[in-house]
Amino acid sequence: MNGNQIEGLIGMVLVLGILVLMALPSVLGVLRDRRMDRQIRVARRIRDAAHRGKSLIA
């Protein structure tokens with residue numbers, strides 16, 4: 001590799017690194033939202049099951 005190719009490679013790696021740093025917060029936010037949605041879904045199922053159980057007894 002000559003000097004121009006090395007400079008091009010360094011530039012490409014730098015641009016990709018900046019892209020990753022800019023996209024990382026969005027990806028982490030999406031993952032966090034999906035986890036919260038899953039927790040809410042589970043909580044609703046538990047609440048509904050408990051409610052159905054109480055209404056059947058009463």
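**Entry 1: A49 and the helix**

I began with A49 and found that this residue lies in helix 1, and I noted at once that I am working from a predicted model. I then asked myself whether A49 is buried or exposed, and to what degree. With a relative accessible area of 39%, A49 is partly exposed, because the partly exposed class covers what falls between the 20% limit for buried and the 50% limit for exposed. Next I looked up how far A49 stands from G8, and I wrote down that the two are 41 residues apart in sequence, while their C-alpha atoms are 60 Å apart in space.

**Entry 2: L21 and H51**

I repeated the step with a second pair, L21 and H51, which are separated by 30 residues in sequence and by 46 Å in space, taken from C-alpha to C-alpha. L21 is also found in helix 1, and its relative accessible area of 62% makes this leucine exposed.

**Entry 3: The chain as a whole**

After these pairs I wanted to know what the chain looks like overall, and I recorded that it has one helix and zero strands. The C-alpha trace spans about 80 × 15 × 5 Å along its principal axes. I also looked up the radius of gyration, which is 25 Å for this chain, whereas a compact globule of 58 residues would have a value near 10 Å. How many of the 58 residues count as buried, as a percentage? I found 0%. The chain exposes about 5600 Å², and I noted that carbon and sulfur atoms supply 67% of that area.

**Entry 4: A nonpolar patch**

I then turned to the surface and asked which residues make the nonpolar patch. I listed M1, I6, L9, I10, M12, V13, L16 and L19, which together make a patch of about 830 Å². M1 lies in the segment before helix 1, and that helix runs over residues 3–57. I checked M1 separately and saw that it is exposed, its relative accessible area being 71%.

**Entry 5: Charges**

For the charges, I noted 10 positive and 4 negative ones in the chain, and the mean positions of these two groups are 15 Å apart. A patch of positive charge gathers on the surface from R32, R34, R35, R38, R41 and R45. From this patch I picked R45, which lies in helix 1 and, at 56% relative accessibility, counts as exposed.

**Entry 6: The salt bridge**

Last, I looked for pairs of opposite charge, keeping in mind that side chains of opposite charge can pair when their charged atoms come close. The structure holds one salt bridge, and I asked which residues form it. The partners are D48 and R47, with their closest N and O atoms 3.6 Å apart, and the pair qualifies because the cut-off for a salt bridge is 4 Å. I compared the two partners in my notes: D48 counts as partly exposed at 33% relative accessibility, whereas R47 is exposed, with a relative accessible area of 52%.

Key:
Residues are numbered from 1 along each chain as its sequence is written. This is a predicted model: local features need pLDDT of at least 70, side-chain atom pairs count only at pLDDT 80 or more; totals for chains, interfaces and linings use all residues. Side-chain values use heavy atoms; hydrogens and water are left out. Helices (H or I, at least four residues) and strands (E, at least two) are DSSP runs, numbered from the N terminus. The radius of gyration is taken over C-alpha atoms; the globule rule is 2.2 Å times the number of residues to the power 0.38. Buried means under 20% relative accessible area, exposed over 50%, partly exposed in between (1.4 Å probe, protein chains only). Accessible areas come from the Shrake-Rupley method with a 1.4 Å probe; for residues, only the protein chains shown count as cover. Lys and Arg count as positive and Asp and Glu as negative; His and the chain ends are not counted. The place of a charge is taken as NZ of Lys, CZ of Arg, CG of Asp or CD of Glu. Patches are made of residues with over 30% relative accessible area and no salt bridge: like charges are joined within 9 Å, nonpolar side chains (Val, Leu, Ile, Met, Phe, Trp, Tyr) within 5 Å. A salt bridge is a side-chain nitrogen of Lys or Arg within 4 Å of a carboxyl oxygen of Asp or Glu.
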